[in-house]
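Me: Please take a close look at a single part of this model. I would like one connected account rather than a list.

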Amino acid sequence: MRITDIQRCEVRPGRLVEWTLSPATVAAATALPEDARPPAYIQESHIRTAKCVRDDGLFVPTWLGTAFDLPGPVDLDVLQEALRAWTVRHETLRSGFRWAGDELRRFTLDAADVSLHRADAGDFPDADALARHLQDRFDAVADALRWPNLIYTAVLRDDGASVYMAFDHSNVDAYSLTRIAAEVHELYTAGLTGAAPRSPAPAASYVDFCRLERADADGIDARHAIVARWRAFIRRCDGTLPGFPVDLGLEPGGPLPRQRMLCEPLADAAQAAAFEAYCRPYGGSMVGLLAATGLIVHELGGQPVYRTVVPFHTRVASRWSDSVGWYVGGAPIEVPVGRTGTFPDTLRAVRTELHANRSLARMPLARVLSLLGEDFRPVSPDLYSIVSYVDTRAVPGADRWTEQRAHALLRVSYGDQVCVWVNRLHEGLWLASRYPDTDVAAKNLRLYVERLRDRIASVAHAGLSAVS
């Protein structure tokens, strides 16, 4: 699924309707007792960071969303029930947090207490105005510091509708977004035809996962081997977590800058397949992407070692595979990328680092950082840069994403780090990135993407030539 933002996902004019959790549902939540299952460390860190930034006077929207089309004319009552049924299937979407002093306490609604309220927001004949309106609504509702923090909308036209859904990041990750279009389509079609959907049962609960993960994380202390390995890595990063090692045109100690977004194709299907084939003996396209990035940022920034935190999913058991939640951890790697390093040398180095360190991603980084004390000195709420790779071709419904105009939506607002996401689609490789809104950062990100595209193309060509 292509990652983009609301301005670039081809919003078209129409009549806008929206759904939020109903007043009755909100009232029921207000009266709920505490749910003893705690927040995940990543959830708590996210909410506390949002509160800290807000207390300092800056509003930083952090929602994620999805967009997809339904054929029309659309039956709004059937669509509303499909959206409600999908919501109750994923327990985290009916669970939230309250402050009790300085503690976050969970509450969780029963499925039977969840209903949606529909409102007609009027006609929007101008696509740009509609995109701005959607972004403003999502900013206001899908907010880390409020509950409910999700909103669903549909833009109605004679030939169908475009559905846009937004959630605060605390409840979803990018992989969760990739499954929504197929699940809602299935529920909606079943509602129209009277057929039973194939997957009516509740998905495994992210709230249960949070309890299990937190219990495991609370079992370690500052002497644990995982903490020691992170401590050594952070010391080599001068007491913080690594940024993208190129000039971004930022002044040290300055305010958190606005960001821009870059998203575009990186390689076609044939090039993506050839790149994967070349890199497979070393571990595949993720290894290739990280190796190429390490060499390119050395060319641009000159640092002899490429240090980064690599995101990995934490859906380690199959029961979590269709669950909506924030199942992401991080592992540190350090790759020598001096002038004499070849691409195969760098592939081998990345493979070795990932093999040695991937298991660290199962321990929440927020827990590790809390145990490091003065050995970790954060310099920004935007903690570190990432380069992420995900092959999404096996996701249910992926073969229909182009037909459905399906996108994963990312809200880009403020931050001083660079984050890069590369997705493997049936059409090839797609890149999206957020980066500081400076001329220097724009220039260097453009150079990075162009050299990455060239590297992938040249490796693909070499691989094809070797077998021809």
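Reply: What follows looks at one loop residue, and then at one pair of packed helices. The model is predicted, and the description rests on it.

The residue is N171, which sits in the loop between strand 8 (160–168) and helix 5 (174–193). Is N171 buried or exposed? Its relative accessibility is 5%, and buried means under 20%, so N171 counts as buried. Beyond its neighbours within four places in sequence, N171 is in contact with Q43, T92, L93 and N149, and also with V324, G325 and W326. With one of these residues, T92, there is a polar contact: the side chains of N171 and T92 meet at 2.7 Å. A36 lies 135 residues from N171 along the chain, and the C-alpha atoms of the two are separated by 18 Å.

The helix pair is helix 9 (residues 285–301) and helix 10 (residues 343–357), whose axes are 9 Å apart and which pack at an angle of about 120°. The two helices are therefore oblique to each other. The crossing of helix 9 past helix 10 is right-handed. On the helix 9 side, the contact is made by M286, V287, G288, L290, A291, A292 and L295. Helix 10 contributes F343, T346, L347, V350, R351 and L354. Sorted by class, the residues of this contact are ten nonpolar, two polar and one charged.

Note on methods
Residues are numbered from 1 along each chain as its sequence is written. This is a predicted model: local features need pLDDT of at least 70, side-chain atom pairs count only at pLDDT 80 or more; totals for chains, interfaces and linings use all residues. Side-chain values use heavy atoms; hydrogens and water are left out. Helices (H or I, at least four residues) and strands (E, at least two) are DSSP runs, numbered from the N terminus. Buried means under 20% relative accessible area, exposed over 50%, partly exposed in between (1.4 Å probe, protein chains only). Contact means heavy atoms within 4.5 Å. A polar contact is a pair of N or O atoms within 3.5 Å; within protein, one must be able to donate a hydrogen and the other to accept it, and residues adjacent in sequence count only if both atoms are side-chain atoms. Axes are lines fitted to C-alpha atoms, for helices over the stretch in contact, and angles run from 0 to 180 degrees between N-to-C directions. Angles under 35 degrees count as roughly parallel, over 145 as roughly antiparallel, 65 to 115 as roughly perpendicular and the rest as oblique. A crossing is left-handed if the near helix is turned anticlockwise from the far one by less than a right angle, and right-handed if clockwise. Ala, Val, Leu, Ile, Met, Phe, Trp, Tyr, Cys and Pro count as nonpolar, Asp, Glu, Lys and Arg as charged, and the others, Gly among them, as polar.
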